Amino acid sequence: MTEPAPNSAEHPWPVRSIAIKVAQWIDRLGSVWVEGQITQISLRPGARTAFLVLRDPAADMSLSVTCDPQLLRGSPVPLQEGSRVVVYGKLSYFTGRGTISLRVTEIRPVGIGELLARIERLKALLAAEGLFDPRLKRPIPFLPKTVGLITGRASAAEHDVLTVARQRWPAVRFEVRNTAVQGPTAVPQILAALAELDRRPDVDVIVLARGGGSVEDLLPFSDETLCRAIVAATTPIVSAIGHEPDNPLSDYVADLRAATPTDAAKRIVPDAAAELGLIHELRGRSAAALRGWVQRESRALEQLRSRPVLADPLRGLEQRHEEVERLRTAARRAVEHTLTAETTATRHLRDKLTAVGPAATLARGYAVVQRVSGKERHVIRAVADAPPGSQLRIRVADGAVTAATLGTQILTDPDSPRGGHR
């Protein structure tokens, strides 16, 4: 077998060779099961082949599908555009047109039960990854500058959100992005709008809004790609999908779940009338609290002023003055009494001293006799102290007399007036 010439600019391969090689490689894939959403059905009367377009719900990718028309007519569930199906077939490459088509031999519609089961499995997976954790929820700003709104064009959800929000806060601004909210193109369009609004620094919160519908209609909002995009966004996101009983997975991963689009409008902007009423109420309560405080403080001041120490500040001094005067008078009387008593005692002592003193004795007729010997004087206490011829000095009450001893006389009996002479 001759080896083919190496591929180069000098030895290029013809188109047929490439087409054949591609067909051979695709043929090796064999039969596969594929899940997708039908976006187009072409079934002409009398035709032996039906043409469909199968689209990936989470990506802008599609695949051409061909099948026997009986597969469509004999389906237990009527197939239409938007239906979720699982098909079994084999890829074929048509070398004449250079196109790929999936020739299917079995089509299984995905029923409601299967859809719900898949949503529950995805819900459990996202919950296990922690994407429902309340700690990941970002707070909704009290008064957003701009609100991003992703909803269907001219839908009731858009009307409800805009009308209710502007009634509550007329100054609110919206950046509205109209997208498909059901069908095979919904998820890619919502993802694009979400990414655009999330990049805008003036958008403070993004609302995903859609009215009620069947499980199939709300299926785009339980898409895994959309759920992960909501978690990855930096702007807080509010999910307002369907009505109260509807709970697509976007409700669990969003930062705030609103029961309806109207409820979302009420929760993203404050009610101006209610806020003004609250301000008036708080002002009234503040004024009442302030008046009550002033009254309490006034009563406290009156009580303080009514106390004797403040009502008559000098009264305490006057009372103390009177007490001081009483003490001074008592002290003066005590001092005077003490002085009088001491004066009397001193006078008595003086009288006693005077009575026993030498002057009083001399006044009664006694005399003090001294012997003068040169400049010395000695009191004579006995006869022997003044022998005859001694010079004497005799002191009496009114002066002194000089004398000399002429003789002595000794008394035999001190009490007798007579005595002997010497």
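Which residue of β12 stands opposite valine 372? In this predicted model, the residue facing valine 372 is arginine 377. Allow me to begin with the sheet to which that strand belongs.

The sheet is an open one, built of four strands that follow the order β12-β11-β13-β14, with antiparallel pairing. Its edges are taken by β12, residues 376-379, and β14, residues 399-404; each has a single partner strand, so one side of each is left without a neighbour in the sheet. From one strand to the next, the twist averages 30°. Strand β11 covers residues 368-373, and four bridges join β11 to β12 in the antiparallel sense. As a general reminder, the strands of a sheet pair through backbone hydrogen bonds, and the arrangement may be parallel or antiparallel.

I turn now to the division of the chain. Three domains are assigned: domain 1 spans 15-110, domain 2 spans 116-270 and domain 3 spans 359-402. Between the C-alpha centres of domain 1 and domain 3 the distance is 175 Å.

Next, the aromatic residues. How many aromatic pairs does a search of the whole structure find? The search returns two. In one of them, tryptophan 33 and tyrosine 88 place their ring centres 4.7 Å apart. Why is this pair described as tilted? Their planes meet at 45°, and an angle under 30 degrees would count as stacked while one over 60 would count as edge-to-face, so the pair falls into the tilted class. Tryptophan 33 belongs to strand β1, residues 31-42, and tyrosine 88 to strand β4, residues 84-94; the pair therefore ties together parts that are 55 residues apart in sequence. Tryptophan 33 is partly exposed, at a relative accessible area of 44%. Tyrosine 88 also counts as partly exposed, with a relative accessibility of 28%.

Two charged side chains also deserve mention alongside aromatic rings. Arginine 97 holds its charged end over the ring of phenylalanine 94, at 4.9 Å from the ring centre. Lysine 21 lies over the face of tryptophan 13, and here the distance to the ring centre is 5.1 Å.

Finally, I would like to consider threonine 66, which is found in strand β3, residues 62-67. Is threonine 66 buried or exposed? Its relative accessible area is 10%, and the limit for a buried residue is under 20%, so threonine 66 is buried. Leaving aside residues up to four places away in sequence, threonine 66 touches Thr49, Ala50 and Phe51, together with Ser101, Leu102, Arg103 and Val104.

Key. Residues numbered from 1 in each chain as written. Predicted model: local features only at pLDDT ≥ 70, side-chain atom pairs only at ≥ 80, totals over all residues. Heavy atoms only, no water. Phe/Tyr/Trp six-rings, centres within 6.5 Å; stacked < 30°, edge-to-face > 60°. Helix = DSSP H or I, 4+ residues; strand = E, 2+ residues; numbered from the N terminus. Buried < 20%, exposed > 50% of the residue type's maximum accessible area, 1.4 Å probe, protein only. Lys NZ or Arg CZ within 6 Å of the ring centre and 35° of its normal. Pairing = 2+ DSSP bridges. Axes fitted to C-alpha atoms, helices over the stretch in contact; angles between N-to-C directions. Domains from an automatic or database assignment. Contact = heavy atoms within 4.5 Å.
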